[in-house]
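This report describes one protein structure for a reader who has not met it before. Please keep the sequence and the model in view while reading.

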Amino acid sequence: MTWVNAAFQGVLLGGEYALVACGLSLTFGVMRLVNLAHGDFAVCGAYLTLLLCTALGVPVWWTLPLMLPAAFAAGVLLHLAVFERALRGGELAPILVTFGLSVMIENLLLVAVSADTRTLDGGAAALAGFQPVDGVVVSWLRLTGLLTAVLVLALLQVLLSYTSWGRGVRAVADDPDTARLVGVRVRPLFATVAGIAVATAALAGVFLGLISAFDPLSGGTILIFAFEAVVIGGLGSLWGTLAGGVALGLTQQLVGQWNAQYAVLGVHLLFLIVLAVRPQGLFARPEV
């Protein structure tokens, strides 16, 4: 692998990190909720897709019209049943509650599907690629993941900038008490934000399942990379999340090109350096 190819692969890998992190960025930016179960939602999305593929006998992509609305509904119900109560309990309560939720999801999955690792079968298309330049190989699946991340972030940005729902979200993110006083209905707004966050996590889980193996305990690792992408990009900044994900992917691939055993360590070192130098992140935007 050449350095140029490593850089290409880093950008593509960064798209996957950004896709799984965008829901985490949205819930923190709007609800001030640090969701430690976010990685487990991605794993649940991968398992639900696997279940639908097996039950219906259809390819992975055909399950998305069923899986994504189910994930959105699960996010809405979780907010009404769990997150809403936790947010009223102070700053520490949401962290403890979502940690407990993560532990419960992992144990339920261990009981329901065992600890065996699984993958999603993307067919021949998932293995195909092309060479844009000599020495550089681009996987269609990884490129689709990057483009999906950009599309999801663009759609969220349009919703936030040009719809009444988005104006309500930005008002609540800036000053929730004032937003309530002027008539913004915070409860359904937070519920939809939670639904979108879980749906995007589940979508990211599909790509993770197509590209790599997963098991009931994979959520913790997914959460770490998603959290680092959000913090590096800037808490609450959607496009900063994409930049943070790409920064992580580039670091992992370029350090891995130098020495594979230090690839993941290099990612965490980058996270530590950004925290020390600019703790608010590289592209922090208070309006989201």
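## Thr-251 in helix α11

Thr-251 lies in helix α11, which covers residues 238-258. The model discussed here is a predicted one. The relative accessibility of Thr-251 is 19%, so the residue counts as buried, since the cut-off for that class is under 20% relative accessible area.

Which residues does Thr-251 touch, once those up to four places away in sequence are left out? The partners are Gly-256, Gly-266, Val-267 and Leu-270.

## Overall architecture

Twelve helices and two strands make up the secondary structure of the protein. Read from the N terminus, the order of the elements is α-α-α-α-α-β-β-α-α-α-α-α-α-α.

A compact globule of 288 residues would be expected to have a radius of gyration near 19 Å, and the value for the protein is 19 Å, so expectation and model agree. Along the principal axes, the C-alpha atoms fill a box of roughly 60 × 50 × 35 Å. Among contacts with a separation of 6 or more, 77% join residues that are 24 or more positions apart.

## Surface and charge

Buried residues account for 48% of the 288 in the protein. The accessible surface amounts to about 13,400 Å², and carbon and sulfur atoms contribute 69% of that area.

The protein carries 12 positive and 14 negative side chains. The centres of these two sets are 12 Å apart.

## Helix α4 and its cover

Helix α4 comprises 22 residues, 92-113. At 1.5 Å a residue, a span of 32 Å is expected for α4, and its end C-alpha atoms are indeed 32 Å apart, so the two figures agree.

Which residues of α4 are buried? They are Ala-93, Pro-94, Thr-98, Leu-101, Ser-102, Ile-105, Glu-106 and Leu-109. The cover over these buried residues includes α2 (38-56), α3 (64-87) and α10 (219-233).

## Two residues with positive phi

Most residues other than glycine have a negative phi. Ser-114, which follows α4, has a positive phi of about 70° although it is not a glycine. Ser-114 is placed in the loop between α4 and α5 (123-127). Its relative accessible area is 27%, so Ser-114 is classed as partly exposed.

Arg-32 is another residue other than glycine with a positive phi, in this case near 55°. Arg-32 belongs to the loop between α1 (3-31) and α2. With a relative accessible area of 46%, Arg-32 is partly exposed.

## Gln-131 between the strands

Gln-131 sits in the loop that lies between β1 (129-130) and β2 (138-139). Is Gln-131 buried or exposed? Its relative accessible area is 52%, so Gln-131 is exposed, the threshold for that class being over 50%.

Apart from neighbours within four places in sequence, Gln-131 is in contact with Val-136 and Val-137. Gln-131 and Arg-170 are 39 residues apart along the chain, and their C-alpha atoms are separated by 42 Å.

Terms used
Residues are numbered from 1 along each chain as its sequence is written. This is a predicted model: local features need pLDDT of at least 70, side-chain atom pairs count only at pLDDT 80 or more; totals for chains, interfaces and linings use all residues. Side-chain values use heavy atoms; hydrogens and water are left out. Helices (H or I, at least four residues) and strands (E, at least two) are DSSP runs, numbered from the N terminus. The radius of gyration is taken over C-alpha atoms; the globule rule is 2.2 Å times the number of residues to the power 0.38. Buried means under 20% relative accessible area, exposed over 50%, partly exposed in between (1.4 Å probe, protein chains only). Contact means heavy atoms within 4.5 Å. Accessible areas come from the Shrake-Rupley method with a 1.4 Å probe; for residues, only the protein chains shown count as cover. Lys and Arg count as positive and Asp and Glu as negative; His and the chain ends are not counted. The place of a charge is taken as NZ of Lys, CZ of Arg, CG of Asp or CD of Glu. The expected span of a helix is 1.5 Å times one less than its number of residues.
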